[in-house]
Amino acid sequence: MPISAFPSKYGIGTFSKEAYEFVDFLEKAEQSLWQILPLGPTGYGDSPYQSFSTFAGNPYFIDPDDLVERGWLTKKECEATYAGRNDADIDYEHVYLTRFKLLRQAYERSDIASDPDFMTFVTENAFWLDDYALYMAVKNSFGGISWIEWDEDVRLRKPSAIKACSDRYADDVLFYKFQQYVFATEWGTLKKYANERGISIVGDIPIYVAFDSSDTWANPGLFQLDEENYPIAVAGCPPDAFSATGQLWGNPLYKWEEHRRTGYEWWIRRFEYCYRLYDVLRIDHFRGFDEYYSIPYGDETAEFGKWEPGPGIEIFTAMKKALGKKEVIAEDLGFLTDSVLKMVKKTGYPGMKVLLFAFDSREPSDYLPHMYTSNSVVYTGTHDNDTVEGWIRSARPADVRFAMKYLGVRRRKDVREALIRSAQGCVSDTCIIPMQDYLGLDNSARINVPSTLGTNWLWRMDEQALTDELAARVRDLTVLYGRSQKTAR
């Protein structure tokens, strides 16, 4: 369940009372895990996988009512911003045009620089916060354009230009640090509330950072960039049955030899920071650590890329040595080579099993539950899949018939419940079900369609959705299959 999808009077889900009510719902339903999408500030396309920073938090998630309680805003100011609106989906443009005005008002009234807790936060997070805050302040001064289009001396981070910008935009820099402090305190409070109720947070770390990010601007030596800091090659996926021209993500690729030389210092810092935010870490596109697909910069499709060797298990060995044993879920979906299968096995991390991938009537599938091993995490679907109800209505009739036969049901309307039961009852150690599937929602509640723009990341849950009856039904299934933290057999 993404943070953004909570019902809220402020246009997008926040760390508000609705978030705490969701945790209460999970406790009633005897759940022990809550998986979320990446928490970073969203950039192009509003995707949490294209963030302005791999460390920063999304200021949209800051609860305006909390700022009222702190005395920095009035309730009237907050409510006037969204008066008369009741958007069923997230209107990112409206949120963008209104949220920062409220945050600026709160900042100007906060006298935050005199707060010792704020100053401690700034000091402890200086390794990423200084670059991020300056990057955002400078980006704002250039009208929001990508850093590759900034004046050359700033783009190339010449010391004199960095000092001049730091001085000129000092107030804006402090404003962006203020946002991150409020985000961190609110998220920390919500996470603690969940943990105290026996609920661990499953976070998500995208393998790549966005090109238009403080990470790339501040650390060009870690990426495959030329002397002018333009990409040499970018990330994506090759053509397959789902896309004739492949997927052109456009993220900068890592200069793995440099990461290896530093003992993966940047990555270890990134992992360590993630474990401050989350209890369990889902590592996105796990295959990319074994081999990554490299597409020449400037290509308009992913057709002419090539596979290159990644760091392999070496990076996870370094992580374990630095941080100790941590809980990880390896996102190992898609076509997997023998070498990546060996890498996943060596790490010991559980991989992912997605039931909606199982029912292709034309060929055998490793995603059928009788093929699973216990060291795995089963899902009905993920944020990149349709909902189960959406799939039932749009899939090939032969595939739906196959699912019905496999699940032992005679009516299409029983498939969703049977899929959830199949996930709960399978041998996988962990089972995670999207809220949309428990709610029985169709494809209007789908989160993302890969390789498309404009209609993704929009879904919001109805404010009446979390009923006691639903909690009881989820709890009964969880107890029945021995997955309840409280009543496991």
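Visitor: Which element gives the largest share of the lining of the second largest pocket?

Guide: Keep in mind that this is a predicted model. Several elements each put at least two residues into that lining, among them helix H1 (17–28), strand E1 (33–35), strand E11 (430–432) and helix H19 (468–480). Helix H18 (435–439) is on that list too. The largest share, four residues, comes from H18.

Visitor: Which residues lie nearest the centre of that second largest pocket?

Guide: The pocket has a volume of about 980 Å³, and its lining runs to 50 residues. By class, those split into 25 nonpolar, 17 polar and eight charged. Nearest the centre lie Leu33, Gln35, Cys431, Ile432 and Ile433.

Visitor: Moving on to enclosed space, what volume does the largest cavity have?

Guide: There are two cavities of 30 Å³ or more here. The largest is lined by 24 residues, with Pro38, Gly40, Ser53, Thr54 and Pro206 nearest its centre. Its volume comes to about 210 Å³.

Visitor: And which element supplies the largest share of the lining of that largest cavity?

Guide: Strand E2 (200–205) and helix H12 (265–277) are the elements that give two or more residues. By class, the lining has 15 nonpolar, six polar and three charged residues. The largest share is three residues, and it comes from H12.

Visitor: How many nonpolar residues are in the lining of the second largest cavity?

Guide: That cavity has a volume of about 140 Å³. Its lining has 16 residues, and Ser4, Leu37, Pro38, Pro48 and Phe61 lie nearest the centre. Set aside four polar residues and one charged, and the nonpolar count is 11.

Visitor: Let's talk about the sheet. Which strands are at its edges?

Guide: Four strands make an open sheet with antiparallel pairing, in the order E4-E3-E6-E7. The twist averages 50 degrees from one strand to the next. An edge strand here pairs on one side only, and that describes E4 (247–252) and E7 (306–309).

Visitor: Which residue in E6 stands opposite Val234?

Guide: Strand E3 covers residues 233–237 and strand E6 covers residues 291–296. The two pair in the antiparallel sense over three bridges. Opposite Val234 stands Ile295.

Visitor: Is Ser484 buried or exposed?

Guide: Ser484 is in the segment after H19. Its side chain makes a polar contact with the side chain of Glu30, at 2.5 Å. The cut-off for buried is under 20% relative accessible area. Ser484 has 1% relative accessibility, so it counts as buried.

Visitor: What about Asp111, buried or exposed?

Guide: Asp111 is in the loop between helix H4 (92–110) and helix H5 (116–124). Its phi is near 50 degrees, a positive value in a residue other than glycine. Exposed takes over 50% relative accessible area. Asp111 has 54%, so it is exposed.

Visitor: His285 has a positive phi too, so which loop is it in, and is it buried or exposed?

Guide: The phi of His285 is about 50 degrees, although the residue is not a glycine. The loop it occupies is the one between E5 and E6. With a relative accessibility of 13%, and buried meaning under 20%, His285 counts as buried.

Key. Residues numbered from 1 in each chain as written. Predicted model: local features only at pLDDT ≥ 70, side-chain atom pairs only at ≥ 80, totals over all residues. Heavy atoms only, no water. Pairing = 2+ DSSP bridges. Axes fitted to C-alpha atoms, helices over the stretch in contact; angles between N-to-C directions. 1 Å grid on protein atoms, 1.4 Å probe; cavity = no way out; pocket = protein on both sides within 12 Å on 5 of 7 lines; lining within 4 Å. Points joined across faces, edges and corners; volume = space filled by probe spheres on them. Nonpolar A, V, L, I, M, F, W, Y, C, P; charged D, E, K, R; others polar. Buried < 20%, exposed > 50% of the residue type's maximum accessible area, 1.4 Å probe, protein only. Polar contact = N/O pair within 3.5 Å; in protein donor to acceptor, adjacent residues only side chain to side chain.
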